[in-house]
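This report follows one acidic side chain outward into the fold around it. Please keep the sequence and the model side by side while reading.

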Amino acid sequence: MTPDTAAVSVSVADDSEVMASVDDDGNTKRLVIADISCEGAWISMRVEDTTSLPDWR
């Protein structure tokens, strides 16, 4: 899998606080990545659909 990256300006990056967690509702585990400094700025996907960091590299 090739990473899809985008350049982020330094001023935007300095004002952001991004966190990730795994949410388990009992049926499906989901990886959630969110910019907690911006309302509604998050993405989630099933853990089974993600790639481990060593595999991504």
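In this predicted model, Asp35 is buried and yet has no salt bridge, the nearest side chain of opposite charge being that of Arg30, 19 Å away. A salt bridge here requires a side-chain nitrogen of Lys or Arg within 4 Å of a carboxyl oxygen of Asp or Glu, so Arg30, at 19 Å, does not provide one for Asp35. Which polar atoms, then, lie around the side chain of Asp35? The side chain of Ser37 makes a polar contact with the side chain of Asp35 at 2.5 Å, and the backbone nitrogen of Glu17 lies 3.4 Å from a polar atom of the Asp35 side chain. When residues up to four places away in sequence are set aside, Asp35 touches Ser16, Glu17, Val18 and Ala41.

Asp35 lies in strand 2, while Ile36 is placed in the loop between strand 2 and strand 3. Ile36 and Glu17 are 19 residues apart in sequence, but their C-alpha atoms are 5.7 Å apart in space. With residues up to four places away in sequence again left out, Ile36 touches Glu17 and Met19, and Glu17 is therefore a residue touched by both Asp35 and Ile36 under the 4.5 Å contact limit.

The strands themselves can be followed through their pairing. Strand 1, residues 18-24, runs antiparallel to strand 2, residues 29-35, and seven bridges join them. Strand 2 is also joined to strand 3 by five bridges, and this pair likewise runs antiparallel. Strand 3 covers residues 42-46. The table lists bridge partners and opposed residues across these two pairings.

| Residue | Opposite residue | Strand of the opposite residue |
|---|---|---|
| Met19 | Ala34 | strand 2 |
| Asp23 | Arg30 | strand 2 |
| Ala34 | Trp42 | strand 3 |
| Arg30 | Arg46 | strand 3 |

Read across the rows, Ala34 is the bridge partner of Met19 and has Trp42 as its partner in strand 3. In a similar way, Arg30 is opposite Asp23 and also stands opposite Arg46 in strand 3.

Both hairpins contain a glycine with a positive phi. In the hairpin of strand 1 and strand 2, where four residues lie between the strands, Gly26 takes a positive phi near 100 degrees. In the hairpin of strand 2 and strand 3, where six residues lie between the strands, Gly40 takes a positive phi near 80 degrees.

How many salt bridges does the structure hold? There is one, and it is formed by Asp49 with Arg46, whose closest N and O atoms are 3.0 Å apart. In general, side chains of opposite charge can pair when their charged atoms come close. Asp49 is partly exposed, with a relative accessible area of 46%, and Arg46 is partly exposed as well, at 37%. Asp35, by contrast, is buried and has no salt bridge.

For the chain as a whole, the secondary structure comes to two helices and three strands, arranged from the N terminus as α-β-β-β-α. Of the 57 residues in the protein chain, 4% are buried. The chain exposes about 5000 Å², of which carbon and sulfur atoms supply 52%. Among contacts with a separation of 6 or more, residues 24 or more positions apart account for 8%.

Note on methods:
Residues numbered from 1 in each chain as written. Predicted model: local features only at pLDDT ≥ 70, side-chain atom pairs only at ≥ 80, totals over all residues. Heavy atoms only, no water. Pairing = 2+ DSSP bridges. Buried < 20%, exposed > 50% of the residue type's maximum accessible area, 1.4 Å probe, protein only. Lys, Arg positive; Asp, Glu negative; His and termini not counted. Polar contact = N/O pair within 3.5 Å; in protein donor to acceptor, adjacent residues only side chain to side chain. Areas by Shrake-Rupley, 256 points an atom, 1.4 Å probe, with all protein chains shown as cover.
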